[in-house]
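Biologist: I've got a new structure open and I don't know how to read it. Could you walk me through some features?

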Amino acid sequence: VTGAAALQPMVDLKSEHLNVAKISENGKKQRKNWSSMWTVLTSDELLLYKDKQETNVKAGGKTDVVQLCGAVIDWTTEKSSKKNVFQITTNTGSEYLIQSDNYSTASKWYDAIRKTVDSSTKE
Ligand code: I3S
């Protein structure tokens, strides 16, 4: 899914601000830098925006795109001292930590992303 179709969020999950730190890109370790991102889950991608307003910008507004096909998602207590942190590792070797201080928010996103990983990987 590309372009306008990728901007169509799944209806059953709200877009929301989550704390995100990209810790490696294509297998190359990066310095951890947490930032609050506006996250949107589509049928096969997690879209990351600097803020909510950017979702209205059709081109170039996306800060990052996490490809969920073939990705692995797991809770982690080792990669951060923060609570409620899960990691997404993409099939190209990029690693993201995602966190919310609110457990129900974090687990709701974990469950939805894991389902999306499973369904997009089977296709
Ligand atoms: O894994 P680290 O290096 O302990 O992660 C911390 C750093 O990213 C730190 O930034 P500086 O390297 O600029 O000090 C952040 O402020 C911390 O939040 C990171 O640790 P946590 O445990 O919060 O993920």
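Modeller: Happy to. Let's begin with a pair of strands: β7 and strand β8 (residues 95-99) pair in the antiparallel sense, over five bridges. Keep in mind that this is a predicted model.

Biologist: Which residue of β8 is the bridge partner of T89?

Modeller: That's E95. The hairpin of β7 and β8 has five residues between the strands, and in it G93 takes a positive phi near 85°.

Biologist: What does β7 pair with besides β8, and over how many bridges?

Modeller: Strand β6 (residues 72-75) runs antiparallel to β7, and four bridges join them. Across that pairing, D74 stands opposite Q87 in β7.

Biologist: Why does D74 count as exposed?

Modeller: You count the C-beta atoms around a residue; 12 or fewer within 10 Å makes it exposed, and 20 or more makes it buried. D74 has 10 others within 10 Å, so it is exposed. Leaving aside neighbours within four places in sequence, D74 is in contact with F86 and Q87. Also, the C-alpha atoms of D74 and T89 are separated by 8.7 Å, with their positions 15 residues apart along the chain.

Biologist: Back to β7, then. Which of its side chains point to the buried face?

Modeller: Look for alternation along the strand. In β7 (residues 85-89), F86 and I88 point to one face and are buried, while V85, Q87 and T89 point to the other and are not.

Biologist: How should I think about buried residues as a group?

Modeller: In soluble globular proteins, nonpolar side chains tend to be buried together. Here the largest nonpolar core has 22 residues, and V20, L46, L48, I88, I98 and I113 touch the most other members. At least two residues of this core come from each of β1 (16-25), β3 (35-41), β4 (45-49), β7, β8 and α2 (103-122).

Biologist: What is I113 in contact with, apart from its neighbours within four places in sequence?

Modeller: L41, L46, L68, I73 and I88 are its contacts.

Biologist: Which residues other than glycine have a positive phi?

Modeller: Two to look at are N26, with a phi of about 50°, and N84, with a phi near 60°. N26 lies in the loop between β1 and β2 (28-29), and N84 lies in the loop between β6 and β7.

Biologist: Is N26 buried or exposed, and is N84 buried or exposed?

Modeller: Try the count again. N26 has 8 other C-beta atoms within 10 Å, so it is exposed. N84 has 21, so it is buried.

Biologist: What about Q99: why is it counted as buried?

Modeller: Q99 is in strand β8, and it counts as buried because it has 20 C-beta neighbours inside 10 Å. The cut-off for buried is 20 or more. Q99 is in contact with L18, N19, S80, K82, N84, V85 and A106, once neighbours within four places in sequence are left aside. Notice N19 in that list: Q99 and N19 are 80 residues apart in sequence, yet 5.0 Å apart in space, C-alpha to C-alpha.

Biologist: Last one. Which residues surround the ligand?

Modeller: K32, W34, S80, S81 and K82 do. To read a shell like that, sort its residues by character: this one divides into one nonpolar, two polar and two charged.

Technical notes:
Residues numbered from 1 in each chain as written. Predicted model: local features only at pLDDT ≥ 70, side-chain atom pairs only at ≥ 80, totals over all residues. Near = placed C-beta within 6 Å. Nonpolar A, V, L, I, M, F, W, Y, C, P; charged D, E, K, R; others polar. Pairing = 2+ DSSP bridges. Core = buried A, V, L, I, M, F, W, Y, C linked by C-beta atoms within 7 Å. Contact = placed C-beta atoms within 7 Å.
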